[in-house]
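Here are my notes on the model you sent. They run as numbered points, with the side-chain details grouped by theme.

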Amino acid sequence: MSFRNPGTGRVRLPRRPRLLIPVGITLIVIVILLFIFAGIYTDFLWYQSVNFTSVYSTVLLTQVLLFVVGAVLMVGIVGGNVMLAHRLRPMFGPGMFGNAQGADRYRLAVDPHRRLIFLIIMGILALFTGSSISGQWRTWLMFFNATPFNVKDPQFGMDVSFFMFTYPFLRMVVNFLFTAVILSVLAATAVHYLYGGFRIQSPGGVHASRAARGHLSVLLGVFVLLKAVAYWLDRYGLVFSDRGKVFGASYTDVHAVLPAKNILAIIALICAVLFFAGVVRSGSMLPGVGLGLLVLSAVLIGGVYPVLVEQFQVKPNQQAKEHDYIQRNIDATRKAYGVSAASVTDYSAKTDADPSVLQTESQSIPGMRLLDPSLLSPTFQQKQQIRGYYQFPDQLDIDRYTINGKTRDTVVAVRDIGQPPEAQRNWINDHLVYTHGYGFVAAPGNQVDASGLPIFNERDIPPVGDLGDYEPRVYFGENSPDYSIVGGPKGTKPVELDFPEQGGNGQQNNTYGGKGGVPIGNFFTRALYALKYGETNLLLNSNINNDSRILYDREPLDRVEKVAPFLTLDRDPYPAVVGGRVLWIVDGYTTSDAYPYSERKSLESLTTDISTPRLGVPQIPRDEVNYMRNSVKATVDAYDGTVTLYAWDETDPLLQTWRKAFGGIVKPASAISAELRVHLRYPADLFKAQREILTQYHVTDADAFFGGQDFWKVPEDPATGKSKQPPYYVTMKMPGEVQKFSLTTTFVPNRRQNMAAFMAVDASSAASDAKLQILQLPSTTAIQGPPQAQNLFESNTTVSTQLNLLRGQGATEVLYGNLLTLPFGGGLLYVEPVYVQPRAETSAKFPSLRKVLVLYGEKVGFGDNLSQALQEVFGGQAPPITNENNPPQQEQQPNTNASIKTLLENANKAFKAGQDALAKNPPDWAAYGTAQRELQQALDSLNAAQQNAAQPSASPSVSPSPQPSTSASPASPAATPSATASPT
C-alpha cells in the first residue's frame with residue numbers, strides 16, 4: 001500500500017516497507033561479502049595446505065597495492081579536477097548570459113545531491129580503475145624484479161630486459177595517465193557547463209569564463225605533453241612492428257617512422273607550451289594553432305611520409321632494403337625460441353636395401369617402439385580397468401624404465417577414478433566413497449603377446465610387476481572428482497572405496513592417511529566450504545569428523561598453475577614411479593611476447609597437432625608468444641598432492657626475475673634426485689613450437705629467407721590426413737652416435753610431400769645439453785615423406801589384399817599406428833604398426849597389434865613382426881627379436897607341391913572356420929586361434945606355390961600373411977613385433 005502526498009503529488013511508501021528496504025540491502029551486502037570472504041579465505045587455506053602461502057600473499061598484496069594506488073591516483077586526478085572546476089564556477093544567477101534555462105535546470109536538479117553523486121561516481125571510478133590496474137600485477141613484478149639479459153638489441157643498443165620488463169610498465173603508466181587526463185577533461189567540462197563556466201549562445205556560439213578556459217587549457221596541455229612522451233616511447237615499440245617482411249623494425253620503420261616519432265615528440269612539446277600559454281593569454285587562437293599543428297603533423301609526418309617511403313623506396317627494392325632487418329629477425333627469433341644452437345647436417349639418404357644393413361643396425365632394431373600410446377587406451381581399459389568405475393586417459397604416455405639392467409621405452413598410465421555407476425550416483429558416493437584411483441600400469445613399447453596385446457610389466461590390483469613397492473593410491477589425478485572428503489580417526493570404520501576384492505565379491509575400504517588437502521574438522525571451516533560449493537551436506541553429514549580433510553583443485557595442471565601463476569604449462573603431464581610414489585611430471589615454460597625482433601606466433605597454433613584433442617586440455621591462455629624456455633620441471637605427488645618446482649634452465653633471465661619476485665618457491669636443479677632425473681624428458685609442446693619455427697628459420701641467410709623457396713612444413717598425420725603429425729618419443733640413434741631416448745619429427749617441402757628433413761633431440765638430456773639435430777636431405781631426394789610412405793603402403797597390391805583379409809568382410813577395421821621415421825643404415829626407415837579391432841560398437845572393442853609395415857627407399861616390407869618385415873625389405877637374416885614370454889616364431893615351410901586349387905580351398909576353409917568361431921556368443925577364441933594358424937600356413941604355401949609356378953607377385957618384397965579378426969583379443973600367436981630394448 002502507498003500514499004500520495006497531497007501537496008506534491010509524489011507517491012510515498014508506508015513507514016514499515018521503507019525501513020525494510022535498507023535492511024534488505026544490508027543483508028544482500030552481508031551475503032555478498034560473506035561469499036567473497038569464503039572465497040578468499042578458502043584460497044588461503046589451499047595455499048597453506050601446499051606450503052605456497054608466499055605465492056598467495058605476494059600476488060594478493062601486489063594486487064591490493066596496485067588497486068589502492070591506481071584507485072587513489074585516478075580519484076585524486078579526476079576528483080581533484082572536478083572539485084577545481086566547481087571552485088572556479090562563476091558567481092552569477094540564472095539567465096545571466098541569455099537563455100540558459102537548460103543548464104540551469106540540470107544544475108538545480110544535481111546541486112542538492114552533488115556530494116552524494118560525486119562520491120558514487122568516484123567510488124565506481126575507483127572500483128573499475130583499481131580492478132584494471134590490479135590485473136597488471138605481472139607487469140609490475142617483472143618491472144620491479146627485472147633481470148638483465150646481457151643481450152643488446154641491434155637498433156637502440158639497449159638490453160633486452162628493457163623491452164621485456166621496463167617498456168610494458170612504462171606503457172601501462174602512460175596509458176593510465178592518458179585515461180586519467182581524458183576523464184578529467186570530460187568531467188571538468190561537464191562541471192563547467194553545469195555551473196556556468198560554459199554557455200551556449202545563439203547562433204552556435206560558446207562563451208567560456210576565463211577560469212574555465214584556463215583550466216581546460218592546462219588539462220589539454222597535459223594531454224599533449226603526455227602525447228609527446230608517448231611519441232618518444234613509441235620509438236622503442238618499433239622493435240615490435242609488423243609493417244615489414246618480418247616482425248620487428250623494418251627499413252621504413254627505421255628510416256621514416258623513427259625520425260617521424262622524434263619530430264612529432266618535439267612538435268607535441270611545442271603544442272603543449274601553446275596550450276599552457278592559453279592560461280595567461282585570453283582567446284583560443286594559441287591552443288587552436290597548437291591543436292591544428294599537432295593533427296596536421298601526425299597525418300603528414302606520422303602517416304603519409306612512411307607510406308611514401310614504403311611505396312617508392314622499399315617495395316621496388318625490398319630484398320636489398322630489408323636485408324639487414326630480416327637478418328635481425330632471423331637471429332632474434334632463433335635465439336628467443338632456443339633453436340640457435342640447432343645443427344643442420346646434409347644427409348644423402350641411401351635408398352638401396354642391402355642385407356648387410358640389418359647386421360650393421362642390429363643394436364637398434366630391438367629398441368624400436370611399436371606400441372602406439374594414442375591407440376592403446378581402449379586396450380588398457382579392457383585389460384587393466386578391473387572395474388567400470390576406473391578409467392585411463394585417451395592419450396597414454398611414453399616414459400622409460402630400467403628393468404634387469406635394460407632400459408625400455410614404456411607405455412604408461414595411471415588407473416584413475418571415474419564416476420560411480422549411474423544407479424549409485426549420490427553425494428556420499430561422489431564425494432566420500434569414490435575418492436581415488438588405484439595403481440600404475442606399464443607395458444614395454446616393443447613387446448606384445450601372441451594375441452598382439454601389450455605385455456604389462458606393471459599391472460593389476462593390488463599392483464604386480466617390476467617397479468617394486470610404491471604407494472598405488474591416486475588422490476590427485478587428471479580425472480579426480482572436483483572435491484572429496486577423506487580422512488578420519490584411527491580405528492574408525494573406513495568409508496572410502498580402496499579396491500575391489502579378488503573374485504568380484506566385496507571391496508576393501510580405506511581411510512586416507514596423507515597430509516594432502518585442507519583440514520575441515522572445525523565448524524567454521526566446514527561452513528566456509530559449504531558456502532564455496534553450495535552444499536549443506538558438508539555441515540550435516542556425520543561421516544565428516546575432526547580429522548577429515550577436503551581435497552580439491554586436484555588435477556596436476558591446476559595445482560601447478562596455482563602455485564606458479566607465472567608459468568605456461570605443457571598440456572601433457574605424465575606419471576612416473578619415483579621413490580615409492582607416483583609423481584605427475586609437468587613441464588613449465590617461461591614465455592613472453594616482448595622479445596625484440598623475434599617473430600610472434602600463436603602458441604596454440606604452434607603446439608596443435610592430431611594428438612592435441614585427445615589430451616582434453618583447453619586452449620593455452622597466453623596465446624601470443626615470441627620467447628619460450630622450458631625453465632621449470634614440476635612434480636605433483638599423486639597421493640598427497642605435494643607440488644615441487646625445480647629450476648631446469650637456471651640461466652633464463654625470465655625465470656630469475658620470477659624467482660626474485662616469489663622468493664624460494666623454485667628449487668635449484670641440483671635438488672632433483674637421480675631417480676627423478678631419469679624420468680624427465682624434453683617437453684613435447686616446446687619441441688612442437690621449435691619445429692614450427694624451424695620450418696622457416698632453419699634458413700639463416702636473409703636473401704634466401706626473403707625468397708622462401710627453401711621453407712618447409714610439418715606433414716599432415718598420414719594415418720588420418722587431418723592436422724599435423726605429432727612428434728614421437730622413441731629410442732633411436734642418429735648417424736655416428738649411440739642410441740638415445742629421443743623426440744623426433746619430420747619436415748616436407750612447402751608444396752611437395754617428399755622428405756625435406758628429419759629432426760631429433762636427446763629427450764633425456766639436461767636443458768643445457770639438449771641440442772636439436774637436423775638431417776637435411778637434398779632437394780632432389782627420392783625419399784618419400786610420411787604421406788607418400790603411407791600412400792605406398794596402402795597402394796601396394798599385396799599389402800592391400802592382406803589388409804582386406806584382415807578386415808574380414810567388414811567385421812573388423814584396420815588401424816594404422818604411429819608412423820615412425822628413423823635414420824637406419826645410411827637412409828631413412830619407416831616403421832608402422834597395424835592394429836585390428838571389431839568394427840561393431842561394443843564395450844569390448846579394443847585394438848591389437850597384428851602386422852608391421854616397413855619402408856626403405858621404394859621397398860615395402862609386411863610381416864607378422866618387425867623381423868619379418870625387415871627381412872622382406874633387406875633380405876638376409878634379421879637379428880632374432882624375442883621377448884621373455886614368447887620365443888621367436890619358426891618360419892612355416894610351404895608345401896610347394898600342393899596344387900593351387902587345394903591351397904585356395906584350405907585357405908577359404910580356415911577363414912570360414914575363423915568367422916564361425918567369432919560368430920558364437922561368446923566368441924570361441926581358442927578355435928579362432930587355431931583357424932588363424934591354419935589360414936596363415938595355407939596362405940604361405942599358396943604364395944610359395946605361385947612363385948614356383950612362375951606367376952608374378954604384386955610385390956616380391958612383401959610376404960602376405962593376413963590374419964582376419966573381428967575382435968581386439970584374438971588368440972593367434974602371429975604378432976611378436978619385437979623384444980626387449982637394448983640399454984640406452
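1. Which residue lies over the face of Y574, and at what distance from the ring centre? It is R681, at 3.8 Å from the ring centre. A second arginine is placed in a like manner: the charged end of R235 sits over the ring of W232. There the distance to the ring centre is 3.9 Å. Bear in mind throughout that this is a predicted model.

2. Overall content. The protein has 984 residues, and buried residues make up 55% of them. Its secondary structure comes to 27 helices and 37 strands. The exposed area is about 42300 Å². Carbon and sulfur atoms supply 56% of that area.

3. Contact range. Take the contacts in the protein with a separation of 6 or more. Residues 24 or more positions apart account for 71% of them.

4. Salt bridges, and the pair D253 and R243. The count comes to 23 salt bridges. In one of them, the side chains of D253 and R243 meet at 3.1 Å, N to O. D253 lies in helix α8 (residues 251-277), and R243 in the loop between α7 (210-237) and α8, so the pair ties together parts that are ten residues apart in sequence. How accessible are the partners? D253 is buried, with a relative accessible area of 1%. R243 counts as partly exposed, at 36% relative accessibility.

5. The pair D609 and R691. These two form a salt bridge, with the closest N and O atoms 3.7 Å apart. The pair links distant parts of the chain, 82 residues apart. D609 is in the loop between α17 (603-607) and α18 (612-615). R691 is in helix α21 (residues 684-697). Are these partners buried or exposed? D609 is buried, with a relative accessible area of 2%. R691 counts as buried too, at 1% relative accessibility.

6. The pair D685 and K688. Their side chains meet in a salt bridge at 4.0 Å, N to O. Both residues lie in helix α21, three residues apart, about one turn of the helix. D685 is buried, with a relative accessible area of 3%. K688 counts as buried at 5% relative accessibility. Note that the cut-off for a salt bridge is 4 Å, and this pair is listed at 4.0 Å.

7. How the last two pairs join up. Which residues are linked in a network of salt bridges? They are R571, E604, D609, D685, K688 and R691. Both D609 with R691 and D685 with K688 are bridges between residues of this network.

8. Aromatic pairs, and the pair Y41 and F524. The count comes to 44 aromatic pairs. Y41 and F524 form a tilted pair, 6.1 Å centre to centre, with 55° between the planes. Y41 lies in helix α1 (residues 15-49) and F524 in helix α14 (residues 523-533), so the pair ties together parts that are 483 residues apart in sequence. Y41 counts as partly exposed at 28% relative accessibility. F524 counts as partly exposed at 46%. Ring pairs also link F37, Y41, F44, W46, Y47, Y56 and F524 into a cluster.

9. The pair F162 and F163. Why is this pair edge-to-face? The ring planes stand at 85°, so the pair takes that label; the cut-off is over 60 degrees. The ring centres are 5.2 Å apart. F162 counts as buried at 14% relative accessibility. F163 is buried, with a relative accessible area of 0%.

10. H436. Where is H436 found? H436 is in the loop between α13 (427-433) and β10 (437-438). H436 is buried, with a relative accessible area of 1%. Its side chain makes a polar contact with the side chain of D498 at 2.9 Å. The H436 side chain makes another with the side chain of Y475 at 3.4 Å. Leaving aside neighbours within four places in sequence, H436 is in contact with Y390, I417, R473, V474, Y475, E496, L497, D498 and N510. Both polar partners, Y475 and D498, appear in that contact list.

Note on methods
Residues numbered from 1 in each chain as written. Predicted model: local features only at pLDDT ≥ 70, side-chain atom pairs only at ≥ 80, totals over all residues. Heavy atoms only, no water. Helix = DSSP H or I, 4+ residues; strand = E, 2+ residues; numbered from the N terminus. Buried < 20%, exposed > 50% of the residue type's maximum accessible area, 1.4 Å probe, protein only. Polar contact = N/O pair within 3.5 Å; in protein donor to acceptor, adjacent residues only side chain to side chain. Contact = heavy atoms within 4.5 Å. Phe/Tyr/Trp six-rings, centres within 6.5 Å; stacked < 30°, edge-to-face > 60°. Lys NZ or Arg CZ within 6 Å of the ring centre and 35° of its normal. Areas by Shrake-Rupley, 256 points an atom, 1.4 Å probe, with all protein chains shown as cover.
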